[in-house]
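Trainee: Could we go through this model together, beginning with a single chain and ending with the contact between chains?

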Amino acid sequence: MPLLSFENISIGYDNNPILENLSFSIEQGDYLAILGENGAGKSTLLKTMLGLIKPLDGKIVFDVGVKKTEIGYLPQQTVVQRDFPASVWEIVISGCLAKDGIRPFYAKEDKQLAEANIKKLGLEDLKKRCYRELSGGQQQRVLLARALCSSDKVLVLDEPVTGLDPKVTIQLYELIDSLNKEGITIIMISHDLQALKHANKILHLGHETFFGNKEDYLKSPLYQIFMDKGGKQND
Amino acid sequence: MIELFETIASYFQFQFVQYAFIVGVLIALCSSLLGVTLVLKRFSFIGDGLSHMAFGAMAVAAVVGLTNNMIISMPVTIIAAILLLRTSQNSRIKGDAAVAMLSVGALAIGYLLMNIFPTSSNVSADVCTTLFGSVSILTLSTVEVWICIGLSILTGLIFVFFYNKIFAVTFDENFARATGVKANLYNLLIAVVTAIIIVLAMNLVGSLLISALIIFPALSAMRVFKSFKSVTISSAIISVFCAASGLLISIVAGTPVGPTIVAVDIVVFFIFFLIGFIFSRVKKG
């Protein structure tokens with residue numbers, strides 16, 4: 001059974017559908033890249049997946065072993081966060097909250113989990129530092145550690161490399177690759193064609209949709225059109 | 001110097017001074033706790049909007065002839081807080097416009113009512129008291145003091161109990177929501193507690209100056225401290241210190257209570273601003 005399947009789903013706001021009748025499914029351990037131009041509905045799809053907005057039609061089915069809230073999420077940065085006084089530790093451990101339910105304070109396991117994820121992402125030295133004083137790449141790693149605290153099964157990444165310099169971008173992709181190798185399912189929105197290198201499945205949104213393996217996508221006419229447009233944008 | 005202490009000590013023999021002190025410190029403590037969240041959520045002006053609503057409600061209470069106006073002002077302010085929060089989510093009318101609309105509307109209607117149905121011979125003195133709170137803090141009844149103590153303890157408990165959730169919802173509402181934290185519920189809680197604090201704080205500083213009580217300690221703390229916990233704790237300490245010293249100064253010097261407290265808050269803000277500025281300079285070398 002697939003980890004996550006979308007059955008004839010329509011998404012959008014206020015009954016104005018952006019995408020209609022979309023079906024696809026994700027297996028455990030997949031690395032799915034969601035591509036498409038601005039306005040194609042990538043972010044809306046993501047928000048629907050996370051349960052932030054309701055689908056207009058159709059349904060999302062989760063595997064029995066996965067709860068709806070067991071999706072780790074790396075959102076795009078908001079204005080509020082840029083000057084937020086919070087330590088790295090406070091942010092990472094807040095990823096554990098979902099599991100805690102009504103309990104007011106963090107349990108010992110929460111602290112161990114946060115500690116482990118800080119170590120995994122190489123943030124030990126920054127633990128007590130203030131989030132707003134970190135570089136863009138460091139901030140993304142902090143948010144990634146928080147996402148890992150909330151789920152060790154699925155990670156949803158919303159344009160994780162936006163605004164990072166090329167070197168840090170490569171490092172972040174490598175980090176995500178290594179998480180994927182550990183068995184964590186990755187779902188990533190990207191403008192960046194580099195994402196193609198790392199993913200094994202592609203969902204292309206636009207006038208035509210494509211869902212399938214990367215190899216098939218690279219042969220499809222959609223890819224050619226996307227490449228041409230992407231090439232022009234980068235000039 | 002000793003004379004000054006003696007003067008203060010002699011004032012503290014009066015029960016109304018003791019009451020004013022207890023209530024002032026408690027209100028300062030509660031308002032600063034929520035201030036950090038409100039400032040970070042870009043809701044600084046919600047305090048202003050709600051306090052004007054409370055002013056309108058108080059005017060209605062006075063006209064109707066209620067002795068304890070909290071009976072009307074508390075529920076009205078809570079409902080207004082919930083409505084304001086909803087509108088900023090639906091964004092049909094933008095959040096700031098909704099706040100502005102409600103606040104000036106309530107202020108105008110409130111003053112209008114007090115003028116048309118005057119309850120005492122000196123309407124403008126009444127209005128001035130409600131706006132700047134100078135007298136009401138010194139005329140608290142025992143019941144009002146106990147209500148204030150009870151609600152302050154409640155606010156404190158709610159804050160401590162939900163501290164981690166409040167942090168999560170403030171820092172990243174979407175993430176919290178996606179991982180199953182009931183963000184709407186906590187937003188509602190924040191709104192209700194804010195409304196309670198505002199109605200309480202009207203006694204201390206009056207409805208025009210409440211925002212100052214909410215935002216100044218938080219802003220001061222944020223200049224210097226870098227984690228959410230240290231900002232919260234230090235803003236509580238700053239707020240209590242400012243309220244206490246403001247009260248003392250106003251008793252000794254005979255200045256109006258609310259503006260004196262806010263003036264101390266402003267001075268402390270500039271001190272922290274300077275400290276923060278020097279710190280960041282030293283760091284950069």
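The exchange below treats a predicted model, and it moves from the overall form of a chain to a sheet and then to the interface.

Trainee: What radius of gyration does chain A have, and why does it count as compact?
Mentor: Chain A contains ten helices and nine strands. For its 235 residues the globule rule gives 18 Å, and the computed value is close to that, so chain A is as compact as a globular protein of that length, with a radius of gyration of 18 Å.

Trainee: Which strands stand at the edges of the open sheet of chain A that has the order β2-β1-β4?
Mentor: This open sheet has three strands in the order β2-β1-β4, with antiparallel pairing. Two strands of chain A each have a single partner strand, so one side of each is left without a neighbour in the sheet, and these are β2 (16–26) and β4 (57–62).

Trainee: Which residue of β4(A) is the bridge partner of L4(A)?
Mentor: Strand β1 of chain A, which comprises residues 4–13, pairs with β4(A) in the antiparallel sense over five bridges. In β4(A), the residue bridged to L4(A) is F62(A).

Trainee: Which class, nonpolar, polar or charged, has 16 residues on the side of chain A that touches chain B?
Mentor: The contact draws 23 residues from chain A and 24 residues from chain B. Among the elements giving two or more residues to the side of chain A are β5 (71–74) and α3 (88–93). By class, that side has one charged residue and six polar ones, while the class with 16 is nonpolar.

Technical notes: Residues are numbered from 1 along each chain as its sequence is written. Chains are lettered from A and ligands numbered from 1 in the order in which they are written. This is a predicted model: local features need pLDDT of at least 70, side-chain atom pairs count only at pLDDT 80 or more; totals for chains, interfaces and linings use all residues. Two residues are in contact if their C-beta atoms, placed from the backbone, lie within 7 Å. Helices (H or I, at least four residues) and strands (E, at least two) are DSSP runs, numbered from the N terminus. Ala, Val, Leu, Ile, Met, Phe, Trp, Tyr, Cys and Pro count as nonpolar, Asp, Glu, Lys and Arg as charged, and the others, Gly among them, as polar. The radius of gyration is taken over C-alpha atoms; the globule rule is 2.2 Å times the number of residues to the power 0.38. Two strands pair if DSSP finds at least two bridges between them.
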